[in-house]
Amino acid sequence: VIEALGLRHVELSEFSRMNFDYTVLSKRKLTKLVDTGVVTGWDDPRMPTVRGVLRRGLTVEALKEFVMTQGGSRNTNSMSWDKIWAINKQKIDPVVPRYCAIEK
């Protein structure tokens, strides 16, 4: 029927929700934090949103790699923030100089 009508073929894929340990991801609860003024907005570095973690220092390349390493799964998986920050560190180490200082 699709070919006869000249419509494009659409491929659907299912994927599951990704949870992070010790992190509230409920939009209802996060909206309450924004509305009550506990955080400055959706891009507040304390928020577990994409804009929030990008302001915290996560690079877009690291975020893409993290998502690609998870793959498409139908099972809900619980992830640790340590893994995403480890990938971010691998991405920024070659380009960001690190300095140490000793206080007198």
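**Group meeting: a walk around helix α4**

Let's start at Gly-72, which sits in the loop joining α4 (60-70) to β2 (77-79). Keep in mind that this is a predicted model. Is Gly-72 buried or exposed? It is exposed, because its relative accessible area is 76%, and the cut-off for exposed is over 50%. Now look for Phe-15. In sequence, Gly-72 and Phe-15 are 57 residues apart. In space, their C-alpha atoms are 5.6 Å apart.

Step back one residue. Gly-71 comes just after α4 and has a positive phi of about 70 degrees.

Now the helix itself. Which residues of α4 are buried? Ala-62, Phe-66 and Gln-70 are. They lie on the same side of α4, because they span an arc of only 75 degrees around the axis. The general rule is that an α-helix has 3.6 residues a turn, so residues three or four places apart point the same way. Turn to the other side of α4. There, Glu-61, Lys-64 and Met-68 are exposed. And what covers the buried residues? The cover includes β1 (18-20), β2 and α5.

That takes us to the core. The largest nonpolar core has 9 residues. From α4 you already know Ala-62 and Phe-66, and both are in this core. The other members are Phe-20, Val-53, Leu-58, Met-79, Trp-81, Ile-84 and Ile-87. Two helices, α4 and α5 (81-92), each provide at least two core residues. Which element gives the largest share? That is α5, with 3 residues.

Pick out Val-53 from the core. Leaving aside residues up to four places away in sequence, Val-53 touches Met-47, Leu-58, Trp-81 and Trp-85.

Trp-85 comes up again at Gly-57. This glycine is in the loop between α3 (50-56) and α4. Gly-57 counts as partly exposed, because its relative accessibility is 36%. With residues up to four places away in sequence left out, Gly-57 touches Trp-85 and Asn-88. Compare Gly-57 with Thr-36. They are 21 residues apart in sequence, and their C-alpha atoms are 25 Å apart in space.

Last stop, the start of the chain. What makes up the nonpolar surface patch here? Val-1, Ile-2, Leu-5 and Leu-7 do, over about 430 Å². Ile-2 belongs to helix α1 (residues 2-5). Ile-2 is rated partly exposed because its relative accessibility is 35%.

To recap α4: Ala-62, Phe-66 and Gln-70 are buried, while Glu-61, Lys-64 and Met-68 are exposed on the other side.

Notes
Residues numbered from 1 in each chain as written. Predicted model: local features only at pLDDT ≥ 70, side-chain atom pairs only at ≥ 80, totals over all residues. Heavy atoms only, no water. Helix = DSSP H or I, 4+ residues; strand = E, 2+ residues; numbered from the N terminus. Buried < 20%, exposed > 50% of the residue type's maximum accessible area, 1.4 Å probe, protein only. Core = buried A, V, L, I, M, F, W, Y, C linked by side-chain atoms within 4.5 Å. Contact = heavy atoms within 4.5 Å. Patch = residues over 30% accessible without salt bridge, like charges linked within 9 Å, V, L, I, M, F, W, Y side chains within 5 Å. Areas by Shrake-Rupley, 256 points an atom, 1.4 Å probe, with all protein chains shown as cover. Salt bridge = Lys/Arg side-chain N within 4 Å of Asp/Glu carboxyl O. Arc of directions from axis to C-beta.
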